[in-house]
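Here is a friendly walk through one protein model, written for a reader who likes to think in terms of pockets, packing and contacts. Have the viewer open as you read.

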Amino acid sequence: MAEAGSFVFPGDCVLQPEEIQQSSDKIRLGNGLLPHDGAVVATKAGVLAKHANTSKWWVRGYQKRYVAVEDDQVLGVIVEKGGETLKVDIGAGSHAVLGTLAFDGATKRNRPNLKVGELLYARVLRANKDIEVELTCESVVGKKDWVTGESTYGPLTGGNVCKVSLSLAQRLLDNDAPVLEALGNVVPFELAIGVNGRVWVNAETPRNMIVVANAIANSEFMTGPEAQKMVRDMLNSLDTK
């Protein structure tokens, strides 16, 4: 078995069949990995990564175009509305599809009234190169009806969206980015992070929103101390204006 943190190339075997069979948890594959003859192989070059609390593996690369993978969390913009489906731009090669009832607790009489241009936080339900990517706003665990405003997925109001590299987005999701701790120590904020390189930021004041968005966008190659200094400098710069 290849170790998390090692560099892999297309065709490299990451997990052998016997390792998959012996695993006590269900193995989930993310971007850059595919099953092949009972094993798991890499489909792109990059650093092999594993989620800290689950058996999800993926390859952390530096490609610019997002390729959808099942269970990815993404931010998308509604670009078309028709019948029982919505077309959503998630930054992939083609638009994704979202059913109007694919929300926790939604019924034909009680569902979100979404409009073109609205921002959504969603999960990739199905991803196949031969069909359209299908999204859902239904949560796997901890379901709360969309009407409560506390559901994991759904429309996002207010705030601002910043774009980051796919690599940084994945690190933010894995809580492997020092900038989050640096910001959390001084600024209250909300985040919705899409593995497709989009991050929704919301804060109490425009000042805080600017600090959080700019700090995240500029933090990709920073260490913890560097991120902390950057956040302090941004706050001081805004306070003196």
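The lining of the second largest pocket splits into six nonpolar, six polar and six charged residues. This is a predicted model, and in it the second largest pocket holds about 450 Å³ of space. Its lining counts 18 residues, and those nearest the centre are R28, K56, D71, Q73 and Y153. Two elements, β7 and α2 (166–173), each supply at least two residues of that lining.

K56 deserves a visit of its own. This lysine sits in strand β7, which covers residues 56–60. Is K56 buried or exposed? With a relative accessible area of 13%, K56 falls under the 20% cut-off, so K56 counts as buried. Beyond its neighbours within four places in sequence, K56 is in contact with R28, G30, A49, K50, H51, D71 and D72. R28 and D71 are also listed with K56 among the residues nearest the centre of the second largest pocket.

Y153, another residue nearest the centre of that pocket, leads us to the aromatic pairs. The structure holds two of them. In one, the ring centres of Y121 and Y153 lie 5.4 Å apart and the planes meet at 45°, so the pair is tilted. Y121 belongs to strand β11 (residues 119–126), while Y153 is in the loop between β12 (134–137) and β13 (154–156), so the pair ties together parts that are 32 residues apart in sequence. Both tyrosines, Y121 and Y153, are buried.

Now for the other spaces in the model. The table sets the two pockets beside the largest cavity.

| Space | Volume | Lining residues nearest the centre |
|---|---|---|
| Largest pocket | about 790 Å³ | L34, A68, V69, E70 and A127 |
| Second largest pocket | about 450 Å³ | R28, K56, D71, Q73 and Y153 |
| Largest cavity | about 160 Å³ | N31, W58, V59, Q170 and V195 |

The largest pocket is lined by 29 residues. By class, these are 13 nonpolar, eight polar and eight charged. Which elements give two or more residues to this lining? They are β3 (28–29) and β4, and β4 gives the most, with three residues.

Strand β4 (residues 33–36) runs antiparallel to β5, and four bridges join the two. Together β4 and β5 form a hairpin with two residues between them, and D37 in the turn has a positive phi of about 55°. L34, one of the residues closest to the centre of the largest pocket, has V41 of β5 as its bridge partner. On V41 there is a second pairing to notice: C13 stands opposite V41 in β5. C13 comes from the neighbouring pairing of β2 (residues 13–15) with β5, which is antiparallel and extends over two bridges.

In a regular strand the side chains alternate between the two faces of the sheet. Strand β5 (residues 39–42) can be read this way: A39 and V41 point one way, V40 and A42 point the other way, and all are buried.

Turning to enclosed space, the structure holds one cavity of 30 Å³ or more. Its lining has 15 residues, which divide into five nonpolar, six polar and four charged. β7 and α2 each supply at least two residues here, and β7 has the largest share, with four. The pair β7 and α2 is thus named for the cavity as well as for the second largest pocket.How enclosed is helix α2 itself? Seven of its eight residues are buried, so α2 is largely enclosed by the rest of the structure. The buried ones are L166, S167, L168, A169, Q170, R171 and L172. Q170 is also one of the residues nearest the centre of the largest cavity. The buried residues of α2 pack against β7, α3 (178–184), β15 (189–194), β16 (198–203) and α4 (206–217). After α2 comes N175, with a positive phi near 60°.

A last stop is P225, in helix α5 (residues 224–239). Unlike the buried K56, P225 is exposed, with a relative accessible area of 60%. The C-alpha atoms of P225 and P178 are separated by 8.3 Å, although the two residues are 47 places apart along the chain.

Note on methods. Residues are numbered from 1 along each chain as its sequence is written. This is a predicted model: local features need pLDDT of at least 70, side-chain atom pairs count only at pLDDT 80 or more; totals for chains, interfaces and linings use all residues. Side-chain values use heavy atoms; hydrogens and water are left out. Buried means under 20% relative accessible area, exposed over 50%, partly exposed in between (1.4 Å probe, protein chains only). Contact means heavy atoms within 4.5 Å. Rings of Phe, Tyr and Trp (its six-membered ring) pair if their centres lie within 6.5 Å; planes under 30 degrees apart count as stacked, over 60 as edge-to-face and the rest as tilted. Two strands pair if DSSP finds at least two bridges between them. On a 1 Å grid over the protein atoms alone, a cavity is a set of points where a 1.4 Å probe fits but cannot get out, and a pocket is an open set with protein on both sides within 12 Å along at least five of seven lines; lining residues have an atom within 4 Å of a point. Grid points are joined across faces, edges and corners, and a volume is the space filled by probe spheres set on the points. Ala, Val, Leu, Ile, Met, Phe, Trp, Tyr, Cys and Pro count as nonpolar, Asp, Glu, Lys and Arg as charged, and the others, Gly among them, as polar.
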